[in-house]
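Take a look at the chain below. This report walks through its links, rings and cores.

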Amino acid sequence: MDPPHKERRSPENGPSSARPCCSSLKMFLMALSFAYFAKALSGSYMKSTITQLERRFDIPSYLIGVIDGSFEIGNLLVIAFVSYFGAKLHRPKIIAIGCLLMSLGTFLIALPHFIIGRYTFETSIRSSVNSSSNLSPCPARPSDLATGPSPTSGPSSGCEHESRLSMWIYVFLGNILRGIGETPVQPLGISYIDDHALEENAAFYIGCVQTISVVGPVFGYILGSVCAKIYVDVGFVNMESISITPGDARWVGAWWLGYLIAGLITLLSAVPFWFLPKSLPLPERRLAKYSPERTSFIKDSPLLEHKYQADEPANFLEMAKDFLPTLRSLLGNPVYFLYLCVTIIQFNSLIGMVTYKPKYIEQHYGQSASKANFLMGVINIPAVALGMFSGGVIMKKFKLSIMGAAKFALGTSLLGYFLSLFFFAMGCENASVAGITRSYNGTESLYKVDSPLWASCNTNCKCPETGWDPVCGENGLTYVSPCLAGCRTSHGSGMDTVFEQCSCIAVGNHTASAGQCNNRDSCHRVFPYFLALSVITSFIISLGGTPGYMLLIRCIRPQLKSLALGFHTLTTRTLAGIPAPIYFGAIIDTTCLKWGQKKCGGRGACRIYNTTAYRIAYLGLTLGLRTASFFLCILGLVVLRRHVQRQERNTLANGGTGAAAGELQALRKEENNSCNSDQCPRTADYDPERETRL
């Protein structure tokens with residue numbers, strides 16, 4: 001064995017091993033923080049592009065849910081393999097390979113933009129004044145309608161190309177590859193820090209890395225906001241010919257541009273890991289904290305050698321034989337099992353809500369995708385981060401016991417739940433669209449899904465019902481197209497086009513202007529209150545995040561901590577991360593009133609929703625899941641109280657020594673904070689400081 005390095009004092013770690021160790025650890029911390037930032041940025045950007053992908057590929061919301069859940073699928077494919085074997089290999093290089101795969105997956109998501117052709121949309125608006133002397137919105141044949149501002153290759157060739165492979169498959173596969181690449185970053189990165197940092201610094205380092213991971217989504221949503229303002233084919237078409245605005249249901253932003261930026265950032269995050277060592281010398285102060293016998297045990301123990309020395313792996317068959325009994329013992333803990341059930345239900349509610357919240361803001365309050373993403377990144381995400389940090393501060397300041405942490409987490413969740421009920425009162429009226437939400441005379445409510453759009457005023461016009469080219473009449477009513485409004489002539493170009501002699505508009509000059517009517521004033525008035533309540537509820541619910549996580553760590557035996565955390569991650573991703581976006585999207589699809597039509601036939605993306613039904617479905621499902629979780633929370637609180645009382649009785653019966661005292665310390669460490677190392681009995685395989693450090 002090489003002679004130990006002499007201790008040197010550094011301002012960060014105090015007396016430690018040689019300076020190269022500290023330098024390498026700092027490099028690893030910087031590299032891991034950047035990797036966390038990159039993966040969080042690309043993940044949040046994916047959620048910010050939901051409506052853009054729906055419109056670009058003409059797919060319903062449930063398919064977007066499948067695409068969003070594919071990240072978890074990729075993660076689960078390799079998580080067991082990486083978690084077990086990755087710790088025994090060169091961890092920095094495994095992380096570098098993961099970042100490289102994430103980057104390739106992100107680039108693959110953007111690939112369809114470069115092979116699918118230009119985006120076209122239905123429009124009856126002339127791109128310039130000189131393009132036509134007199135364009136009639138009421139044509140003799142449906143084929144006379146313009147199909148978009150850009151030329152296409154022809155319907156037959158386009159359909160043949162589309163029938164071979166749906167372009168959203170590339171996005172699906174790219175997101176799976178992202179999930180595979182993300183797998184080693186967290187477990188191997190955190191374990192590397194835990195192995196090589198001093199005890200008193202490890203928690204601080206891990207906290208810094210986790211904080212950076214919260215900053216990533218802020219920039220991800222801001223990037224989504226910027227890209228959503230830019231037209232999808234910017235640089236390839238004449239922007240003066242684009243006759244729609246970012247608030248239009250047909251608008252598609254430059255979704256692909258953000259993936260190229262995120263992919264490049266992720267690729268750069270892989271570079272530093274290639275130059276980091278497989279392991280670092282163990283700081284001597286860390287070994288000095290243990291007795292000589294304990295130090296010898298650490299160095300010689302086959303169970304801990306991979307943690308401190310990264311030597312030869314343990315026998316795989318022996319570990320496999322112990323796996324099922326250990327898992328059975330873990331799930332036999334009623335507190336852990338109930339906690340697992342509660343978090344699965346609440347994660348379903350949380351993931352479904354976060355995935356479709358920007359879309360909810362767009363559809364319900366009439367905001368553009370750019371503004372919805374900006375608000376998510378600048379207001380909601382920081383509120384969540386502040387809540388999680390404040391929860392940890394409160395837990396430390398008031399020295400909450402395991403029961404105190406459980407009660408605090410339940411209390412904040414209940415308070416946030418009751419405040420969330422006010423969202424039902426912050427509703428908006430449906431947009432007034434002739435033939436869909438209102439009759440053509442504007443007096444009768446319809447709310448019919450894909451209802452016939454014919455009326456006596458437009459029977460002489462041969463209009464396609466499948467298109468979506470809205471115009472706003474003088475009467476304040478939106479019509480699906482100028483043809484269905486019965487308009488005979490038009491003048492002007494672009495967004496200044498005015499349609500005249502509209503037989504369905506029986507007031508004024510019988511004219512209509514391009515775009516939907518913006519007459520939902522009550523929505524604009526209530527929207528600031530919705531934002532304020534959203535920030536408050538996000539902060540309050542997040543307050544219980546840190547105490548809830550500490551409850552997970554403390555309710556189990558120290559020997560089962562790693563398995564408990566890994567199994568918790570596995571089950572929540574399998575039973576919440578994958579299905580929640582799919583069934584949330586499927587339920588949202590049921591509230592659609594007008595579906596778009598693909599150019600080759602078949603149902604495309606939704607153009608307009610029943611906002612009342614949307615609000616009830618989205619909020620009802622979110623709060624309904626949380627309601628179900630509270631029944632299990634109360635049961636878990638009762639079981640936890642009995643568990644703590646039983647441990648106290650066992651400790652008294654055993655004279656306050658042995659394993660029972662050790663487990664009680666794990667459960668109530670904060671209450672016994674005054675104990676020092678000479679007064680508190682410990683078992684050979686238990687170290688309370690290591691138990692609660694994470």
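Why is the disulfide of C457 and C504 right-handed? The torsion about its S-S bond is about 90 degrees, so the C457 and C504 link is right-handed. Keep in mind that this is a predicted model.

## The chain as a whole

The chain has 694 residues, and 53% of them count as buried. Its secondary structure comes to 24 helices and nine strands. Among contacts with a separation of 6 or more, 77% join residues 24 or more positions apart. The accessible surface is about 30,400 Å². Carbon and sulfur atoms account for 63% of that surface.

## Disulfides

The count of disulfides is six. The table shows three of these, including the pair from the opening question.

| Pair | S to S distance | Torsion about S-S | Hand |
|---|---|---|---|
| C457 and C504 | 1.9 Å | about 90 degrees | right-handed |
| C463 and C483 | 1.8 Å | -80 degrees | left-handed |
| C592 and C606 | 2.0 Å | 100 degrees | right-handed |

Start with C457 and C504, whose sulfur atoms are 1.9 Å apart. This pair links distant parts of the chain, 47 residues apart. C457 is in the loop between α17 (402-420) and β3 (471-473). C504 is in the loop between β6 (498-500) and β7 (512-514). C504 is buried, with a relative accessible area of 7%.

Next come C463 and C483, with 1.8 Å between their sulfur atoms. C463 lies in the loop between α17 and β3, and C483 in the loop between β4 (478-479) and β5 (489-491), so the link ties together parts 20 residues apart in sequence. Are these two cysteines buried or exposed? C463 counts as buried at 6% relative accessibility. C483 is buried too, at 1%.

The third pair in the table is C592 and C606, with sulfur atoms 2.0 Å apart. C592 lies in strand β8 (residues 592-597) and C606 in strand β9 (residues 603-609), so this disulfide ties together parts 14 residues apart in sequence. Both C592 and C606 are buried.

Two other cysteines are worth a glance. C99 is buried at 0% relative accessibility. C227 is buried at 3%.

## Aromatic rings

Now turn to the rings. A pair of aromatic rings is described by the distance of the centres and the angle of the planes. The count here is 25 aromatic pairs. Why does the pair of Y365 and F527 count as tilted? Their ring centres are 5.2 Å apart and their planes are at 45 degrees, so the pair is tilted. Planes under 30 degrees apart would count as stacked, and over 60 as edge-to-face.

Y365 and F527 also link distant parts of the chain. Y365 is in helix α15 (residues 334-365), and F527 is in helix α18 (residues 521-543). They are 162 residues apart. Both are buried. Ring pairs also join these two into a cluster with Y360, F423, F530, Y609, Y614 and Y618.

Some rings have a charge over them. The charged end of K39 sits over the ring of Y36, 4.7 Å from its centre. R603 lies over the face of W595, 3.8 Å from the ring centre.

## One residue beside the cluster

I588 lies in helix α21 (residues 579-589). This residue is buried, with a relative accessible area of 2%. What does I588 contact, leaving aside its neighbours within four places in sequence? The partners are S61, Y356, K359, Y609, Y614 and Y618. Y609, Y614 and Y618 belong to the ring cluster. I588 and A613 are 25 residues apart in sequence, and their C-alpha atoms are 8.7 Å apart in space.

## Nonpolar cores

The largest nonpolar core has 36 residues. Which residues have the most contacts inside it? They are L53, F57, I67, Y231, W255 and Y259. The elements that give two or more residues to this core are α1 (19-48), α2 (50-57), α3 (61-85), α4 (91-110), α7 (168-182), α9 (199-229) and α10 (255-270).

Look at W255 in particular. Leaving aside its neighbours within four places in sequence, W255 is in contact with residues including Y45, L53, R56, F57, I109, P112, H113 and V232. L53 and F57 appear again here, as they are also among the core residues with the most contacts.

A second, separate core has 29 residues. Its members include A249, Y479, V480 and A514.

Terms used
Residues are numbered from 1 along each chain as its sequence is written. This is a predicted model: local features need pLDDT of at least 70, side-chain atom pairs count only at pLDDT 80 or more; totals for chains, interfaces and linings use all residues. Side-chain values use heavy atoms; hydrogens and water are left out. A disulfide is a pair of cysteine sulfur atoms within 2.5 Å. Helices (H or I, at least four residues) and strands (E, at least two) are DSSP runs, numbered from the N terminus. Buried means under 20% relative accessible area, exposed over 50%, partly exposed in between (1.4 Å probe, protein chains only). Rings of Phe, Tyr and Trp (its six-membered ring) pair if their centres lie within 6.5 Å; planes under 30 degrees apart count as stacked, over 60 as edge-to-face and the rest as tilted. A charge sits over a ring if NZ of Lys or CZ of Arg is within 6 Å of the ring centre and within 35 degrees of the ring normal. A nonpolar core is a set of buried Ala, Val, Leu, Ile, Met, Phe, Trp, Tyr and Cys residues joined through side-chain atoms within 4.5 Å. Contact means heavy atoms within 4.5 Å. Accessible areas come from the Shrake-Rupley method with a 1.4 Å probe; for residues, only the protein chains shown count as cover.
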